[in-house]
Amino acid sequence: MSAFADFYRRTFYPYQKQFFESKSQFRIVNKARQIGFSWGIAHEMAFGALCGRDSIAGSTGLRASQKLLAQVRRFITAYEPRARFDVDNTTQLTVRGAGTVVSVPANPSTI
């Protein structure tokens, strides 16, 4: 078993795995607080960016969107320590030669 497969098996809850493994083009989530969903989404977005896939997330407010992008950045550098970013700001990460992650607040006037 690869290190990534072992991490995936040990780390995520069944509902997170079901969400990640969905083949749907669009996935809508009605989530609650403190269930680990943003952390799981950050993992999926980081892995997708390293595989060349672009993704976008809308968060409830500015802090939440920045927190999500910071977690994506941590996952990317943990999975690929040599990763370099062409764009690295408060709303977007573009991995050199790979994908882009955008995280924006649904309402920019909320903090």
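Start by selecting Arg10: this residue is exposed, with a relative accessible area of 53%, which puts it over the 50% cut-off for that class. You will find Arg10 in helix H1. Before moving on, remember that you are looking at a predicted model. Colour the protein chain by pLDDT and you will see a mean of 86, with 95% of the residues at 70 or more. Among the elements of the chain, H1, where we are standing, has the lowest mean pLDDT at 75, while E3 has the highest at 95.

Now add Arg73 to the selection. Arg10 and Arg73 lie 63 residues apart along the chain, and 21 Å separates their C-alpha atoms.

**Next stop: the strands**

Select strand E4, residues 100–105, together with E1. These two run parallel and are joined by five bridges. For one pair to zoom in on, pick Ser55, whose bridge partner in E4 is Val101.

Keep E4 on screen and bring in strand E3, residues 92–95. Here the pairing is antiparallel, over three bridges. Thr94 is a good place to look, with Thr100 as its bridge partner in E4. What do E3 and E4 form, and how many residues lie between them? They make a hairpin with four residues in between, and Gly97 in the turn has a positive phi of about 75 degrees.

**Then the core**

Show side chains for Ile41, Met45, Leu68, Val72, Ile76, Leu93 and Val101: within the largest nonpolar core, a set of 21 residues, these have the most contacts. Elements H2, H3, H4 and E3 each give two or more residues to this core. Which element supplies the largest share of this core? That is H3, with six residues. In soluble globular proteins, nonpolar side chains tend to be buried together.

**Last stop: the largest pocket**

Switch to a surface view and look for the largest pocket, which holds about 1600 Å³ of space. Its lining counts 41 residues, and to find the centre you can select Lys31, Phe37, Ser38, Ile41 and Leu68, the closest ones to it. Ile41 and Leu68 should look familiar, as both are among the core residues with the most contacts.

Colour the lining by residue class and you get 19 nonpolar, 12 polar and 10 charged residues. By element, at least two lining residues come from each of H1 (3–11), H2 (14–20), H3 (37–50), E1 (55–59) and H4 (62–79). Finish on H3, which gives the most to this lining, with nine residues.

Note on methods: Residues numbered from 1 in each chain as written. Predicted model: local features only at pLDDT ≥ 70, side-chain atom pairs only at ≥ 80, totals over all residues. Heavy atoms only, no water. 1 Å grid on protein atoms, 1.4 Å probe; cavity = no way out; pocket = protein on both sides within 12 Å on 5 of 7 lines; lining within 4 Å. Points joined across faces, edges and corners; volume = space filled by probe spheres on them. Nonpolar A, V, L, I, M, F, W, Y, C, P; charged D, E, K, R; others polar. Pairing = 2+ DSSP bridges. pLDDT = per-residue confidence, 0-100. Core = buried A, V, L, I, M, F, W, Y, C linked by side-chain atoms within 4.5 Å. Buried < 20%, exposed > 50% of the residue type's maximum accessible area, 1.4 Å probe, protein only.
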